[in-house]
Amino acid sequence: MKKTVPVFRDFGPVPWWCWNGRMKKSEMSRQLRLFKENGIDEYFIYAQMPLEYPEYLSGEWFDFVGFALEESRRLNMRVWIYDDYAWPSGAAGGRVFRDHPEFRSRIIYGGHAEVAPGKCFTYTDGPRPLCVFVGTDGTRWERVSTDDENRWRNSLGKTAYILFFDIRPGNFSELSARCGIGMWDQRGSLDFLNPEAVRGWMGYIHEEYERRFGSLFGTLIRGFFFDEPMILSSSAYWCEGNCIPFTPGLFERFTERFGYSLPDVLPAIFYDAPESVRVRCDYWELVSGMAGEGFGRTLGDWCAERNLISTGHFMCEEPAVQRMRLHTNGEIYRMMKHQQAPGCDLLCYLTPWRKGNIARFEQILAGGGNAGTEIIYTVKQPASAARYTGAARVLAEAFGCRGASETLAEQKDIHNFLAAMGISLLNDNMIAYAGSGHGKYPVSSKLLQAWFPFYSLYSEACRRLSAFAAFGHLDTEIAVLQVETALRAGTPMAPVRFDPICAETMPKTLSALLKNHIGFELLFEEVLENAIVKDGRLEVPNAVFRLVIVPAGRVLAGIQAERLAELVQSGGKVVFTGCRPERLKDRPLTPGEEKFFRAQPCISAGDENFTEALVSSVRAAVPQKYRVTGESAGNFCSALRSDGKRTRLFVSNQGEEPASVRLHPESLPGPVIAHDTDTGASWKAVPDADGSLPLELYPEQSLVFEFSAEEAPSPATPPAHFGFPACERKILSGDWEYELDRPNTALCPLEIGPAPGDAREDPERVKCWFGVSASGRHTFRYSREEYPFCWLKSGFFADAAFPGGLSLILDNPEDYDRILLNGVPLTETEPCRCWNQDNRLARLDNALRSGFNVMYVRMKTSRWASKNMLFQSAAQQETNFVDPVVLSGMFAARKRNGELHLEPLPEVLPSGDLEKCGLSQFTGNLTFRRRFRLGKNALPGRIRIRQEGTHCLEVFLNGKSLGKRAWHPWLFDAAGTVKPGENELAVVLSGSLANLLRISYFDINPPVPLGLREIVLCP
């Protein structure tokens, strides 16, 4: 018999497969099969903390890589390589800093002091300072010399303010050199301004992969992913304060290019001074160019020469964090333009319309609660860069920092937005090999989620969405200038208050365009400067623009001002938002230039009619090819793309409620074919008499319309999950029969106690106990050296009628090595899978008693809590964290006065949230059953499910599956299956690990409700 070779399919999700914990090849094979079965044909090999075996970049590591490659070849999958350990890129697991200290990044550090009259300032941080400046008014600084003792005496007769500068090594601690075997928190970040340092780092990773697997490059191995490489570590930004990037030779190159000495004018970079605009623009121009050549071109060219794709993303891509953007990247486009698949980052559940639990993320990165609109710029940046460079695909690292509360519905909602923005390569962040151990499970537990078998639904939708985003180009003649010069000019590097030039105007401008269905590209200054102006159009690679919008363009380079003037003079349009230019980089505006800029329309960011005024100006300048109207039009997202022959329009409902709008394809050819991104079904869309198309879409629902002058295929009926039901024939609620496909689970309430001396063997000798939250956090901090062991204490009540069969599930026997229940030691454990494949189960029946039970579990302190490996991640996890201790059995778990009570399961389940029924932490599949009778004249055509939360589900009617759904709408076709008389309906609702695994990167995940609200039978 001929063996069937599995098919490889492009455009699907490409998740990070996080290699962590102690890996086994048999488990790797199992997980790869799960990937393939659920529509994942590509993945990134990603070393993630804490990795226990194999050691990163060791011979065993590459042996495991070879095994994964061979398994992937057998399954007809493709493999990408994440280019470092954890993040950021540039450490090679710390090896590069150990072997090449010369490749460490360096900083220009700026210190300050006040010196009273007659007193001395003495520099003590090194043999000599780079330079010292004295000022008295905070804006003008005079460079002075110190004496042989590094002193300067204040003889000015008044208080003097001192600025001193020196060159320091980057002594920063990065996650990519922490929490892995063979690492000890090696200090440093890579000098990405130095191509020799970049090539040195690549020698440990890229070139080693080439040496071992180079014959697979461009076929089985598709490319490399970089993650947040930084020209100056974000740790420097947060910890060091006043500092900017430096590399050997920087001062000489600066003088050669700009004709003056950088050390002579350093205060102008850190504080506002008369020469700040020129100096800041020159400095960041040079640094951005060096980063583009040092990292961007070095990496991009290396991949191109080997038929590989270079992809990834940079740090702080949002305009609201403009100081950190400059600090860590310079101008991102200078590096991005060299990549074969430019990319971006989209963390948490975040779109311009909806936000998940991201309060702390907003506080850190978006600085003003504006993350939803900031993200428009973030994802648009690589899409526009790809257009100008001709890159075929655009990547987004998405769905990260979510923990176990993530749902496929949220992924679909985010991906609808990303597809409209032009993202065509979706990196699902992330799927972890191991979901247990110190700090691992908040990353992801997808493989063990009850809903993971539904992932194939998302995989297929992902392919359709990404294929749309890769089709042709965005059909627009509108560009929004990224005002990099203004950003540089207005951003001091000292930690002082500054005017966030882009923080308000840029997001507000982009949001107004997006939510009014006006397509646009970002226009980078380099692209503008090299553009050709002709007949009222700005001609750039792969695009032509008739209108340029300039948000917050307070300062422009001279050549940019010339191009904008040429565009207007030849018949094109320019609109300013926020402000008009006030000067050029090198000089004030001439009277003629001032007059020209005053003549162009400008819309104040503070104008209460900002959106209306901007939209009106744009539509007057560039007539739109389609409109979306209706009260909910602002909650819809759309994008028009064309390859020159065909035109496709994407429309999605990004709101939280079902909504109706009208699509007016005013200058698009007909007929119109509609394509469902969920199922791939197609049908002829029939417009109303006025030529408009009525659209009724649920949240997470999207369509692609294809406009063609050719005759459309015969009309087909839209799938049953399109269109709102006209009315309700019958509502089923009340009590339900039910089945659980696995035992129930419940978190044990815990206390932690340190176990020195005799307490190590006897928990009764523990002197103090500290409470542990449901997320596993506690307030007792310690190291492994102080306490190699701790005890966990728990108590629960068992009802006299409890049927037994109670078990305890723990992380793994390496971390939890002794269990006492009511004083009885439990020594036998067996494998199980709950939140991790290495979970162990201990049966409690022999020691269980009716009433109150006391349990102790001895926990080994994680090796990652050792002083030289202390695990401090974005998840804010240190030693004050323990993994779950979980009871399992056929019980109902209820809290009374803060205490856990185990009782018999209820005979039936009511409609609504099941928390009161004791099933709120159930993690499996829950089947609700109901029998009902119908007359022959009241047969429904569709069935709508209303549930608590957003869980994947499958519906069965009279023993036949009506299909699976993982997001809205929860509508199923009942025609032909429902019958007169008695019918039996079963709804299988997937549970979630979210209520067991409560912790996530930035916040504790809120409880996820579980339950069936009602079932509606519709015509």
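This briefing covers the overall build of one protein chain, then a few helices, loops and residues.

The model is predicted. The protein chain has 21 helices and 58 strands. Its radius of gyration is 31 Å, close to the 31 Å that the globule rule gives for 1019 residues, so the chain is as compact as a globular protein of that length.

**Overall build**

- The C-alpha trace spans about 90 × 85 × 60 Å along its principal axes.
- Of the 1019 residues, 62% count as buried.
- Take the contacts between residues at least 6 apart in sequence: 81% of them join residues at least 24 apart.
- The accessible surface comes to about 36,900 Å². Carbon and sulfur atoms account for 47% of that surface.
- The chain carries 114 positive and 124 negative side chains. The centres of these two sets lie 2 Å apart.

**Helix H5: one buried face**

- Helix H5 runs over residues 206-213. Its residues His206, Glu208, Tyr209 and Phe213 are buried.
- Viewed down the axis of H5, the buried residues fall within an arc of 165°, so they line one face of the helix.
- An α-helix has 3.6 residues a turn, so residues three or four places apart point the same way.
- The buried residues of H5 pack against three helices: H2 (59-75), H4 (195-204) and H9 (276-305). They also pack against strands S3 (78-85) and S10 (221-227).

**Helix H10: covered along its length**

- Helix H10 covers residues 322-329. It is mostly covered, with 8 of its 8 residues buried.
- Charged and polar names appear in the buried set of H10, including Arg323, Arg325, Gln322 and Asn329. Met324, Leu326, His327 and Thr328 are buried as well.
- Gly330 comes just after H10 and takes a positive phi of about 70°.

**Two buried helix residues**

- Gln31 lies in helix H1, residues 25-37. Gln31 counts as buried because its relative accessibility is 0%, and the cut-off is under 20%.
- Leaving aside residues up to four places away in sequence, Gln31 touches Trp17, Ala432, Tyr433, Leu447 and Gln837.
- Ala461 sits in helix H15, residues 455-469. Its relative accessible area is 0%, so Ala461 is buried.
- Ala461 touches Lys412, Thr677 and Trp967, again not counting residues up to four places away in sequence.
- Ala461 and Gly157 are 304 residues apart along the chain. Their C-alpha atoms are separated by 73 Å.

**Asp272: a partly exposed loop residue**

- Asp272 lies in the loop between helix H8 (267-270) and H9.
- With a relative accessible area of 48%, Asp272 is partly exposed. The cut-off for exposed is over 50%, so Asp272 falls short of that class.
- Asp272 touches Gly138, Thr139 and Arg280, not counting residues up to four places away in sequence.
- Asp272 and Ala494 are 222 residues apart along the chain, yet their C-alpha atoms are separated by 9.6 Å.

**The loop between S3 and H3**

- Ala86 lies in this loop, between S3 and H3. Its phi is near 50°, a positive value in a residue other than glycine.
- Ala86 counts as buried, at 0% relative accessibility.
- Pro88 is found in the loop between S3 and helix H3 (95-99) too. A cis peptide bond joins Trp87 to Pro88, with omega about 0°.

**Loops on either side of S55**

- Asn958 is found in the loop between strand S54 (953-957) and S55. Asn958 is not a glycine, but its phi is positive, about 55°.
- At 28% relative accessibility, Asn958 counts as partly exposed.
- Pro969 is in the loop between strand S55 (960-965) and strand S56 (971-973). A cis peptide bond links His968 and Pro969, with omega about -5°.

Definitions and conventions:
Residues numbered from 1 in each chain as written. Predicted model: local features only at pLDDT ≥ 70, side-chain atom pairs only at ≥ 80, totals over all residues. Heavy atoms only, no water. Helix = DSSP H or I, 4+ residues; strand = E, 2+ residues; numbered from the N terminus. Rg over C-alpha atoms; globule rule 2.2 N^0.38 Å. Buried < 20%, exposed > 50% of the residue type's maximum accessible area, 1.4 Å probe, protein only. Contact = heavy atoms within 4.5 Å. Areas by Shrake-Rupley, 256 points an atom, 1.4 Å probe, with all protein chains shown as cover. Lys, Arg positive; Asp, Glu negative; His and termini not counted. Charge placed at Lys NZ, Arg CZ, Asp CG, Glu CD. Arc of directions from axis to C-beta.
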